[in-house]
Amino acid sequence: MTPEQLASYIAIVLSLAFGYIPGLKNWYASLSSEYRALTMGALLLVVSAGALAYNCQFQVACLQSNWQSYASVLISALVANQATYLLAVKPSKK
């Protein structure tokens with residue numbers, strides 16, 4: 001599994017979790033739109049870093065030379081997260 005795939009799958013789970021798990025959904029919905037974006041963005045940054053670190057088997061030299069890969073992983077996670085939100089979470093809101 002590539003880091004892009006791993007980060008995308010986790011981003012999808014995050015989007016669904018924040019949209020449907022009752023306690024998490026209520027807490028997330030109570031935040032202002034700016035803090036919701038910051039929260040999800042920070043989580044996706046961490047997920048992307050973790051996916052790349054897992055792929056590099058936590059070797060520092062690999063992580064330092066892969067900033068382009070990190071950008072690719074982050075973009076994949078952002079696209080998957082927002083697509084899931086638009087298709088699966090937002091339509092169910094009232």
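These legends accompany close-up views of a predicted model of a protein chain.

**View 1. The whole chain is a run of helices**. The model is predicted, not experimental. The chain holds five helices and zero strands. Read from the N terminus, the order is α-α-α-α-α. Along the principal axes, the C-alpha atoms fill a box of roughly 50 × 20 × 20 Å. The exposed surface comes to about 6,100 Å², and carbon and sulfur atoms supply 67% of it. Of the 94 residues, 28% are buried. Take the contacts between residues at least 6 apart in sequence: 65% of them join residues at least 24 apart.

**View 2. Confidence along the chain, from helix H1 to helix H4**. Mean pLDDT for the protein chain is 89. A value of 70 or more is reached by 97% of the residues. Which element has the highest mean pLDDT? Helix H1, residues 3-20, does, at 95. Helix H4, residues 60-64, has the lowest mean among the elements, at 75.

**View 3. Tyrosine 70 in helix H5 meets residues 45 to 52**. Helix H5 spans residues 67-89 and carries tyrosine 70. Is tyrosine 70 buried or partly exposed? Its relative accessibility is 23%, so tyrosine 70 counts as partly exposed; the cut-off for buried is under 20%. Leaving aside neighbours within four places in sequence, tyrosine 70 is in contact with Leu45, Ser48, Ala49 and Leu52. A polar atom of the tyrosine 70 side chain lies 3.0 Å from the backbone oxygen of leucine 45. Glutamate 4 is 66 residues from tyrosine 70 in sequence. In space, the C-alpha atoms of tyrosine 70 and glutamate 4 are 9.0 Å apart.

**View 4. Serine 48 of helix H3 touches tyrosine 70**. Here the tyrosine 70 contact is seen from its partner, serine 48. Serine 48 sits in helix H3, which covers residues 33-55. Its relative accessible area is 0%, so serine 48 is buried. Beyond residues up to four places away in sequence, serine 48 touches Tyr70, Val73, Leu74 and Ala77. Tyrosine 70 is partly exposed, whereas serine 48 is buried.

**View 5. Asparagine 81 is buried in helix H5**. Asparagine 81 belongs to helix H5. It has 1% relative accessibility and therefore counts as buried. What does asparagine 81 touch, not counting residues up to four places away in sequence? The partners are Ala11, Leu14, Ser15, Met40 and Leu44.

**View 6. The largest pocket is lined by 19 residues**. About 360 Å³ of space lies in this pocket. Nearest its centre are Tyr28, Arg36, Met40, Gln82 and Tyr85. Met40 is also one of the residues that asparagine 81 touches. Which helix gives the most to the lining of the largest pocket? Helix H3 does, with six residues. H1, helix H2 (22-30), helix H3 and H5 each supply at least two lining residues.

**View 7. Arginine 36 lines the pocket from helix H3**. Arginine 36 lies in helix H3 and is among the residues nearest the centre of the largest pocket. With 27% relative accessibility, arginine 36 counts as partly exposed, because the buried class ends at 20% and the exposed class begins over 50%. Apart from residues up to four places away in sequence, arginine 36 touches Tyr28, Ala29 and Leu31. Tyr28, too, is named among the residues nearest the pocket centre.

**View 8. Valine 89 of helix H5 packs against residues 15 to 20**. Valine 89 is found in helix H5. The relative accessible area of valine 89 is 1%, so this residue is buried. Not counting residues up to four places away in sequence, valine 89 touches Ser15, Leu16, Gly19, Tyr20 and Thr84. Leucine 16 is 73 residues from valine 89 along the chain. The two C-alpha atoms are separated by 6.8 Å. Ser15 appears again here: asparagine 81 touches Ser15, and so does valine 89.

Definitions and conventions: Residues numbered from 1 in each chain as written. Predicted model: local features only at pLDDT ≥ 70, side-chain atom pairs only at ≥ 80, totals over all residues. Heavy atoms only, no water. pLDDT = per-residue confidence, 0-100. Helix = DSSP H or I, 4+ residues; strand = E, 2+ residues; numbered from the N terminus. Buried < 20%, exposed > 50% of the residue type's maximum accessible area, 1.4 Å probe, protein only. Contact = heavy atoms within 4.5 Å. Areas by Shrake-Rupley, 256 points an atom, 1.4 Å probe, with all protein chains shown as cover. Polar contact = N/O pair within 3.5 Å; in protein donor to acceptor, adjacent residues only side chain to side chain. 1 Å grid on protein atoms, 1.4 Å probe; cavity = no way out; pocket = protein on both sides within 12 Å on 5 of 7 lines; lining within 4 Å. Points joined across faces, edges and corners; volume = space filled by probe spheres on them.
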